[in-house]
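This report walks through selected local features of one protein model, moving from a pocket to a helix, then to charged pairs and to some backbone details. Please keep the sequence and the structure in view while reading.

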Amino acid sequence: MPERSEALIQSFGRRYVTVLVVVAGLLLVDQAVLQPLLIHLNLYAPVINLAGRQRMLSQRLTKGSLAVARAPQDAATWSQELRGSLTDWTRVHRGLQEGDSELDLPGTSTPAIRAAFAKLDSDVVGMTECVERILADPRAADALVPDMLRHEKAYLSVMDEIVRMFQEEARARGHQLRILAGIVTASAIGLMTGLYGLVLAPASRLIRDQVLRLAKSEQELREARDALEIRVDERTRELSEANASLEREHEEKEEAQTRTRELQEQLAHAARVTSLGQLATGIAHEINQPLGAITNYAEALSVLTSKPRVVPEEIQSISGRLRDAAIRAGRIVSRMRNFVRSRSAPRGPESIQGLVREVVALCESDLRENGVRVDLQLDPAEDRLVLVDSIQIQQVLVNLVRNATQAMSGVPAEERRLSLRTRCLDDTVAVEVEDTGAGLPLSVLQAEFQPFHSTKADGMGLGLSICRTILETHHGGLTARNIEPRGARLTFTLPVAHVDSGNDHSDRLCCR
């Protein structure tokens with residue numbers, strides 16, 4: 001067995017014996033000194049204190065009686081003090097015999113003490129009667145004071161004996177408790193001593209056995225390690241051969257990955273070319289509207305400036321509209337760039353009816369040129385705020401208004417009417433664009449606004465598709481149906497903006 005392990009076991013044994021001696025000493029000090037003092041203080045101190053206090057109370061009774069007899073003019077004051085002293089004296093006298101929880105008196109069952117209290121009965125009764133008679137008639141105090149003093153002398157003599165007996169009983173009780181505590185302490189020390197033989201000694205033997213087993217296991221591990229090293233050498237050679245094979249496979253895999261990356265780059269290039277073609281087509285279609293407005297306003301400006309009498313206000317108004325249309329064209333290009341880049345655009349609360357009025361003003365010249373009458377059914381009570389990108393929603397409205405205008409080109413001028421109205425549906429606002437044209441072909445309704453599906457000879461089929469995409473990014477939708485006897489109604493919906501709205505503020509468009 002290793003010497004270090006044996007020394008460690010012996011050290012544990014010495015430490016246990018040291019702790020056993022210290023604990024035994026503390027127990028002896030506690031049981032022999034501290035516990036009796038605590039018992040005396042907790043149990044007998046209040047009894048002895050109040051028994052001694054009875055002497056003072058009896059003297060206060062006598063003093064009060066003499067004061068009433070000697071100073072009749074202060075009889076009321078002394079009578080009140082005398083009554084309080086009698087109450088306390090009587091309560092303590094009874095509590096010393098029978099116990100009183102409020103005064104912390106346990107009472108007594110010792111025959112000698114109870115016999116001593118029995119001797120006091122006549123004196124207690126005599127003193128009580130004298131005090132009560134003095135309280136009833138202070139003028140009788142002179143005649144009752146001698147009896148009071150006689151009873152007090154006898155009472156104090158016996159009370160001294162009772163205090164002494166209480167003290168002797170406390171000492172006897174403490175002696176009994178010390179004997180009992182000594183027995184308990186000796187038993188505890190015996191148990192702790194037996195614990196060494198029952199627990200520590202077997203534990204030491206067990207530790208020795210474990211040390212021997214560990215030494216044997218260590219030897220076996222050395223032998224196993226030697227055998228393992230031999231096997232590791234053999235396995236290393238096998239792994240080296242496998243590693244060379246893996247390196248060859250890795251080189252082949254890298255060549256294959258290189259070819260795959262080249263193919264992926266070619267496919268990505270083809271996808272970018274396709275997306276670029278779709279973007280160019282969309283820009284050409286969307287930007288045609290503000291450019292058409294710019295052309296109309298430029299012609300109007302030319303007409304106004306050719307007149308003999310130029311109105312500055314009209315020129316300024318048309319110039320402002322030209323600037324707005326140009327800004328709008330720039331914003332359309334920016335929005336289309338966002339369409340490809342999937343980049344968020346800021347949104348804010350906007351009045352839906354305000355957006356409708358701005359679009360009607362923007363398309364006013366085009367509507368007037370095509371002889372279309374506009375019927376705005378905008379009830380202020382139905383106006384709601386929507387959390388949108390105002391440019392995108394205006395673009396939707398412009399597309400719908402332009403489509404409706406073109407749909408009425410084959411209708412007599414007096415029957416061309418465009419109606420725009422808003423309706424509130426719980427947490428949703430709906431905008432309806434209704435025309436009196438020929439209606440939508442069944443193929444358009446069934447196509448559900450798919451891109452590149454158009455019934456116009458020069459159309460590209462992107463207008464309604466882009467409108468639907470914009471509305472879906474705003475958590476809205478677009479529907480279309482024909483109405484009787486003639487015409488079509490396109491309706492789009494948007495969620496109402498709330499102060500604590502959880503709407504997604506992102507403006508991520510994706511191609512559909």
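## The second largest pocket

The lining of the second largest pocket draws at least two residues from each of α6 (312-341), α7 (352-362) and α9 (390-407). The model is a predicted one, and the values given here are computed from it. Among the contributing elements, α6 gives the most to this lining, with 6 residues. The space in the second largest pocket comes to about 270 Å³. Its lining is made up of 13 residues, of which Asp 324, Arg 328, Glu 358, Leu 362 and Gln 394 are the closest to the centre of the pocket. Sorted by class, the lining of the second largest pocket holds 7 nonpolar residues, 1 polar residue and 5 charged residues.

## Helix α2

Helix α2 covers residues 75-98, which is 24 residues, and its first and last C-alpha atoms are 34 Å apart, close to the 34 Å expected at 1.5 Å a residue. Buried positions in α2 include Ala 75, Leu 82, Ser 85, Leu 86, Trp 89 and Val 92, and further along the helix His 93, Gly 95, Leu 96 and Gln 97 are also buried.

Ser 79 can serve as an example from this helix, since the place of Ser 79 is in α2 and its surroundings can be listed. Is Ser 79 buried or exposed? Its relative accessible area is 8%, and because the limit for a buried residue is under 20%, Ser 79 counts as buried. When residues up to four places away in sequence are not counted, Ser 79 touches Val 68 and Leu 135. After α2 comes Gly 99, a residue whose phi is positive, near 95°.

## Salt bridges

Side chains of opposite charge can pair when their charged atoms come close. The count for this model comes to 14 salt bridges, and three of them are set out below.

| Pair | N to O distance |
|---|---|
| Arg 164 and Glu 161 | 1.8 Å |
| Glu 218 and Arg 222 | 2.8 Å |
| Arg 421 and Glu 434 | 3.1 Å |

Two of these pairs can be taken helix by helix. Arg 164 and Glu 161 both lie in helix α5 (residues 141-306), where they are 3 residues apart, about one turn of the helix. Arg 164 is partly exposed, with a relative accessible area of 34%, and Glu 161 is likewise partly exposed, at 33% relative accessibility. Helix α5 also holds Glu 218 and Arg 222, which are 4 residues apart, again about one turn of the helix. Of this pair, Glu 218 counts as partly exposed at 42% relative accessibility, and Arg 222 is partly exposed with a relative accessible area of 36%.

The remaining pair in the table is formed by Arg 421 and Glu 434, whose closest N and O atoms are 3.1 Å apart. Arg 421 lies in strand β4 and Glu 434 in strand β5, so this salt bridge ties together parts that are 13 residues apart in sequence. Arg 421 is buried, with a relative accessible area of 14%, and Glu 434 is buried as well, with a relative accessible area of 13%. Salt bridges that share partners join Arg 421, Arg 423, Glu 432, Glu 434 and Arg 489 into one network.

## Backbone details in the loops

Which residue lies in the loop between β4 (417-425) and β5 (428-435)? Asp 426 is found there, and its phi is near 55°, a positive value in a residue other than glycine. Asp 426 is exposed, with a relative accessible area of 77%.

Another residue with a positive phi is His 475, where the angle is about 65° although the residue is not a glycine. His 475 has its place in the loop between α11 (463-473) and β6, and it counts as partly exposed at 47% relative accessibility.

The loop between β6 (477-482) and β7 (488-495) is the place of Pro 485. The peptide bond that joins Glu 484 and Pro 485 is cis, with an omega of about -5°.

Terms used
Residues numbered from 1 in each chain as written. Predicted model: local features only at pLDDT ≥ 70, side-chain atom pairs only at ≥ 80, totals over all residues. Heavy atoms only, no water. Expected span 1.5 Å × (residues − 1). Buried < 20%, exposed > 50% of the residue type's maximum accessible area, 1.4 Å probe, protein only. 1 Å grid on protein atoms, 1.4 Å probe; cavity = no way out; pocket = protein on both sides within 12 Å on 5 of 7 lines; lining within 4 Å. Points joined across faces, edges and corners; volume = space filled by probe spheres on them. Nonpolar A, V, L, I, M, F, W, Y, C, P; charged D, E, K, R; others polar. Contact = heavy atoms within 4.5 Å. Salt bridge = Lys/Arg side-chain N within 4 Å of Asp/Glu carboxyl O.
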